[in-house]
Amino acid sequence: MERVLDQKAALVIGGGGGGIGRAITGALAEAGSAVAVVDIDRQRAEEAAAEAAAAGVKALALTGDVTSHADVDLFVADAARELETLDILVTVVGGQLAFVPAARVHEIADEDWNLMFDVNLNYVARAVRAALRTFLDQGTGGTIVSVGSIAAVAGSPMQAAYGAAKAGLASLARSVASEYGRDGIRMNVVSCGPIATPVAQAAQAQSELDWIPMGRAGSSREVADATVFLASPLSSYISGQSLVLDGGATAAGPFPTR
């Protein structure tokens, strides 16, 4: 990969040590960025940081819980201090079925609804606010990329809380773009369709992907490449947007129900 992020420093927060997050961490390092990687699993964070360091960049492993406000603030502060600057924030962790069961709207428990917002939107907002303060203090601008979902742009059968949270993420990106453009700060979302992570592959049969025009799930590397693009100067005039990565699914529609 071309080193389009030389001399930059990135924080990959939430699940940065596995699946999509690990692919993003590695791609950022290949593009030349120093990287701090956050995962709730210490071993996974350290393994991802070691792989990033092998690309010739400074790498830092951080461990904590994204649902903890104090932990999120510390992630941003520690990354900026240890990497000596912070130019890029990437938020990754999210999802539904790994956290709560599928349910119709009237059957969603309050605690499940709240958890969906905690792991898909609330921690992102916390991290974004902390990163914005850091970017403004540095005076050198910054870029934020959040991994989102096509559930934000269409109905989400049996996943209403997840879809609502991801829609909030897209709205947050538009607000950041509107408010901080003159400060040299951008925020965009990679809105993913089905991605072939180990967790998703275990739960999803190939027949469930037949509705996608390309006939397959995306790969973690494809999400990572889109993230590097949005984090880099290659997308310098793009802000407040949701880049849809779904093999043509939203173009074809409608989504299947279950």
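This note goes through some salt bridges, one helix and three single residues of a predicted model.

1. Salt bridges in general. Side chains of opposite charge can pair when their charged atoms come close. In this predicted model the count comes to 11 salt bridges, and the next points take up some of them in turn.

2. R3 with D6. The side chains of R3 and D6 meet in a salt bridge, with 3.2 Å from N to O. R3 is partly exposed, its relative accessible area being 38%, and D6 also counts as partly exposed, at 35% relative accessibility.

3. E30 with R221. A salt bridge joins E30 and R221, and their closest N and O atoms are 3.0 Å apart. Because E30 lies in helix α1 (residues 19-30) and R221 in helix α7 (residues 220-231), this pair ties together parts that are 191 residues apart in sequence. E30 is partly exposed, with a relative accessible area of 32%, and R221 is likewise partly exposed, at 33%.

4. D39 with R44. Here the closest N and O atoms of the salt bridge between D39 and R44 are 2.9 Å apart. Is each partner buried or exposed? D39 is buried, with a relative accessible area of 1%, whereas R44 is partly exposed, with a relative accessible area of 33%. Elsewhere, R22, E47 and E51 are joined into one network by salt bridges that share partners.

5. Helix α3. This helix covers residues 69-83, which makes 15 residues, and from its first C-alpha to its last it reaches 22 Å, close to the 21 Å expected at 1.5 Å a residue. Which residues of α3 are buried? They are V72, F75, V76, D78, A79, A80 and L83. What covers these buried residues of α3 includes the strands β1 (9-13), β2 (34-39) and β3 (59-63), together with helix α4 (110-138).

6. E84, after the helix. The residue that follows α3 is E84, and its phi is positive, near 75°. A reader may wish to look at this residue on the structure, since E84 has this positive phi although it is not a glycine. E84 has its place in the loop between α3 and β4 (88-91), and it is exposed, with a relative accessible area of 68%.

7. Q7, another positive phi. Q7 is a residue other than glycine, and its phi also has a positive value, near 70°. Where is the place of Q7? It is in the segment before β1, and there Q7 is exposed, with a relative accessible area of 74%.

8. N188, in a strand. The place of N188 is in strand β6, which covers residues 185-192. N188 counts as buried, because its relative accessibility is 0% and the cut-off for a buried residue is under 20%. The side chain of N188 reaches the backbone nitrogen of G240 at 3.2 Å. Leaving aside residues up to four places away in sequence, N188 touches I144, V145 and S146, then L230, and also I238, S239, G240 and Q241. G240 therefore appears twice in the description of N188, as a residue that it touches and as the one whose backbone nitrogen its side chain reaches, with the cut-off for a polar contact being 3.5 Å.

Methods:
Residues are numbered from 1 along each chain as its sequence is written. This is a predicted model: local features need pLDDT of at least 70, side-chain atom pairs count only at pLDDT 80 or more; totals for chains, interfaces and linings use all residues. Side-chain values use heavy atoms; hydrogens and water are left out. A salt bridge is a side-chain nitrogen of Lys or Arg within 4 Å of a carboxyl oxygen of Asp or Glu. Buried means under 20% relative accessible area, exposed over 50%, partly exposed in between (1.4 Å probe, protein chains only). Helices (H or I, at least four residues) and strands (E, at least two) are DSSP runs, numbered from the N terminus. The expected span of a helix is 1.5 Å times one less than its number of residues. Contact means heavy atoms within 4.5 Å. A polar contact is a pair of N or O atoms within 3.5 Å; within protein, one must be able to donate a hydrogen and the other to accept it, and residues adjacent in sequence count only if both atoms are side-chain atoms.
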